[in-house]
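These are my notebook entries on a single protein chain. I set down what I looked up, in the order in which I looked it up.

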Amino acid sequence: MSASTPVHSLTPLSVKTRKGASPLVCLTAYTTPVARLADEACDIVLVGDSVGMVLHGLPSTLGVTMEMMILHGQAVMRGISKALCVVDMPFGSYEESRAQAFRNASRLLAETGAGAVKLEGGVHMKDTIAFLVARGVPVMGHVGLTPQAVNTLGGYKVQGRDSDAARVMAEARAVEEAGAFAVVLEKLPQQLGRDITAALDIPTIGIGAGPDCDGQILVIDDMLGLFADFKPKFVKRYATLADDAAKALAAYADEVRERVFPGPEHSFGERT
């Protein structure tokens with residue numbers, strides 16, 4: 001059954017026209033309550049395949065399925081009314097063929113009501129992106145560090161240093177030429193992020209690619225400090241919710257064991 005599609009104030013086209021204007025504010029979200037919070041601050045809310053690691057405890061994004069992305073996409077769409085919702089295409093859902101990519105991209109849009117999909121890769125995905133766009137699927141690209149290719153990249157390393165910069169520039173240009181409305185630049189040297197942003201006519205959204213991109217995105221759990229033992233260099237923590245939650249849980253446990261909670265104000269008396 002298809003999801004109903006509300007009219008949001010931001011669309012892929014309106015995002016594209018923000019090139020060089022006020023920076024685009026983007027965060028991930030995977031649940032309805034968090035999506036409501038993100039919607040107040042963000043232009044784009046990404047249902048990232050990072051959900052596999054953040055909420056499901058997977059070691060990488062490779063185990064994420066279409067069903068997981070649809071489930072979380074539907075949840076996020078229930079929580080936003082303003083921002084553009086973009087849903088990641090999971091590993092294995094678009095690489096085989098253009099037909100496979102369209103079948104799964106159209107399913108994501110139809111069953112979640114989201115406004116666009118995101119997929120990883122540049123030059124080798126150019127034909128696929130063009131195929132999707134020509135058939136009415138708005139696509140956000142993703143180049144640089146592409147987590148779904150972590151095994152071939154040799155880990156979560158910075159991309160585009162020295163002689164590798166030309167390759168990443170070519171990947172970004174291919175995404176633009178294919179018709180994507182924006183592109184995520186992940187884990188690049190600051191100068192390369194600046195150069196790609198200047199070279200493209202579509203917005204660049206950085207995550208560890210420096211301050212000169214047309215927008216920035218972070219995993220919301222990272223910037224809220226929900227993981228006490230995980231902090232990539234490119235993440236700024238705007239809160240330490242893991243510490244606050246740990247203190248609250250400890251206080252609850254103490255009060256239960258001491259029979260302080262529940263108190264009279266949390267208990268029900270007999271009817272009179």
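The entries below cover the fold, one annotated residue, the backbone and the salt bridges.

**Entry 1. The fold**

I noted at the outset that this is a predicted model. I then traced the sheet and found a closed barrel of eight strands, running β1-β2-β3-β4-β5-β6-β7-β8 with parallel pairing. Neighbouring strands of this sheet are turned by 25° against each other on average, with direction ignored.

I next examined how β8 pairs on its two sides. Strand β7 (residues 204-207) pairs with strand β8 (residues 215-218) in the parallel sense, over two bridges. Strand β1 (residues 24-28) also runs parallel to β8, and four bridges join them. Gly-215 of β8 appears in both pairings: it is the bridge partner of Ile-205, and it stands opposite Leu-24.

**Entry 2. Helices on the sheet**

I checked two helices against the strands. Helix α8 (residues 165-178) lies across β5 (139-144) and β6 (182-186), and it runs at about 175° to β5. I recorded α4 after reviewing the β7 and β8 pairing, which is parallel over two bridges. Helix α4 (residues 66-77) packs on the sheet and touches β2 (44-47) and β3 (84-88), its direction making about 150° with that of β2.

**Entry 3. Glu-186**

Which residue does UniProt list for "active site"? The record, an unreviewed entry, gives Glu-186. I located Glu-186 in strand β6.

Is Glu-186 buried or exposed? Its relative accessibility is 10%, so I entered Glu-186 as buried, the cut-off being under 20%. Leaving aside residues up to four places away in sequence, Glu-186 touches His-142, Val-143, Gly-144, Leu-145, Pro-147 and Ile-207. With His-142 there is also a polar contact, side chain to side chain, at 2.9 Å.

**Entry 4. Backbone geometry**

I looked for a cis peptide bond and found one joining Phe-261 and Pro-262, with omega of about 0°. Pro-262 is placed in the segment after α11 (241-257).

I also noted positive phi values in residues other than glycine. Arg-259, likewise in the segment after α11, has a phi of about 60°. Arg-259 counts as exposed at 77% relative accessibility. Asp-162 has a phi near 55° and lies in the loop between α7 (150-153) and α8. At 73% relative accessibility, Asp-162 is exposed too.

**Entry 5. Salt bridges**

How many salt bridges are counted? The count comes to nine, and I followed several of them.

Lys-19 forms a salt bridge with Asp-214, with the closest N and O atoms 2.7 Å apart. This pair links distant parts of the chain: Lys-19 is in the loop between α1 (12-16) and β1, Asp-214 is in the loop between β7 and β8, and the two are 195 residues apart. Lys-19 is partly exposed at 23% relative accessibility, whereas Asp-214 is buried at 9%.

I then turned to Arg-107, which forms a salt bridge with Glu-67, the closest N and O atoms being 3.5 Å apart. Arg-107 lies in helix α5 (residues 98-112) and Glu-67 in helix α4, so this pair ties together parts that are 40 residues apart in sequence. Arg-107 also meets Glu-111 in a salt bridge of 2.9 Å, N to O. Glu-111 and Arg-107 are separated by about one helical turn, because they are four residues apart in helix α5.

I therefore recorded Glu-67, Arg-107 and Glu-111 as linked in a network of salt bridges. Each member counts as partly exposed: Glu-67 at 48%, Arg-107 at 29% and Glu-111 at 23%.

Note on methods. Residues are numbered from 1 along each chain as its sequence is written. This is a predicted model: local features need pLDDT of at least 70, side-chain atom pairs count only at pLDDT 80 or more; totals for chains, interfaces and linings use all residues. Side-chain values use heavy atoms; hydrogens and water are left out. Two strands pair if DSSP finds at least two bridges between them. Axes are lines fitted to C-alpha atoms, for helices over the stretch in contact, and angles run from 0 to 180 degrees between N-to-C directions. Contact means heavy atoms within 4.5 Å. UniProt positions are given in the numbering used here, feature names are shortened, and annotations may be inferred rather than shown by experiment. Buried means under 20% relative accessible area, exposed over 50%, partly exposed in between (1.4 Å probe, protein chains only). A polar contact is a pair of N or O atoms within 3.5 Å; within protein, one must be able to donate a hydrogen and the other to accept it, and residues adjacent in sequence count only if both atoms are side-chain atoms. A salt bridge is a side-chain nitrogen of Lys or Arg within 4 Å of a carboxyl oxygen of Asp or Glu.
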